[in-house]
Amino acid sequence: VDGVDTSLLAAVALPAAGDVSAGRTHSLALTLQGEVYAWGSNVHGQLGLAAEKPHPQPRLLCLTSAVEAALEAEEAAAEPAEAEAAEAEAGWVEGEAVAVAEVEAAAVAEVEA
């Protein structure tokens, strides 16, 4: 191609890709097996790889730790609401038990009087 540096252009081999996102300086592919591959410029860490250097060939990204961290954060955010609901339910049960005990005590007192 006239006036275009094609030195970094190359055919890449990937497992069957379900989706590909091709940008100006980097690309991502999601395989049918759910794996994510990244290649291209990584000057700003946009590939999700530790070394901020170009990767002309697709690299399989290890997303397990990122996904686990996101799930843990989501669970932690939900825990206070769940704990509050459990406390409210426990308080309602305790309150009901106290109310029943008070009614029973009043009935016994009335019978004894």
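User: In strand β3, which residues point one way and which the other way, and are they buried or exposed?

Analyst: In a regular strand the side chains alternate between the two faces of the sheet. In this predicted model, V36, A38 and G40 point one way from β3, while Y37 and W39 point the other way, and all are buried. The strand, which spans residues 36-40, is therefore described as mostly covered, since five of its five residues are buried, meaning that each has under 20% relative accessible area.

User: Which strands pair with β3, and in what sense?

Analyst: Strand β2, made of residues 26-31, pairs with β3 in the antiparallel sense over five bridges, and one bridge to look for joins L28 to its partner A38 in β3. Strand β4, made of residues 55-60, also pairs with β3 in the antiparallel sense, here over three bridges, and G40 stands opposite H55 in β4.

User: How many residues lie between the strands in the hairpin of β2 and β3?

Analyst: There are four residues between the strands of that hairpin, and in it G34 takes a positive phi near 90°.

User: Turning to the surface, which residues gather in a patch of negative charge?

Analyst: The patch of negative charge on the surface gathers E68, E72, E74, E75 and E79. Of these, E74 can serve as an example, and it is found in helix α1, which covers residues 64-112.

User: Why does E74 count as exposed?

Analyst: The label depends on a cut-off, because a residue is called exposed when its relative accessible area is over 50%. E74 has 55% relative accessibility, so E74 counts as exposed.

How values were computed: Residues numbered from 1 in each chain as written. Predicted model: local features only at pLDDT ≥ 70, side-chain atom pairs only at ≥ 80, totals over all residues. Heavy atoms only, no water. Patch = residues over 30% accessible without salt bridge, like charges linked within 9 Å, V, L, I, M, F, W, Y side chains within 5 Å. Areas by Shrake-Rupley, 256 points an atom, 1.4 Å probe, with all protein chains shown as cover. Salt bridge = Lys/Arg side-chain N within 4 Å of Asp/Glu carboxyl O. Lys, Arg positive; Asp, Glu negative; His and termini not counted. Charge placed at Lys NZ, Arg CZ, Asp CG, Glu CD. Helix = DSSP H or I, 4+ residues; strand = E, 2+ residues; numbered from the N terminus. Buried < 20%, exposed > 50% of the residue type's maximum accessible area, 1.4 Å probe, protein only. Pairing = 2+ DSSP bridges.
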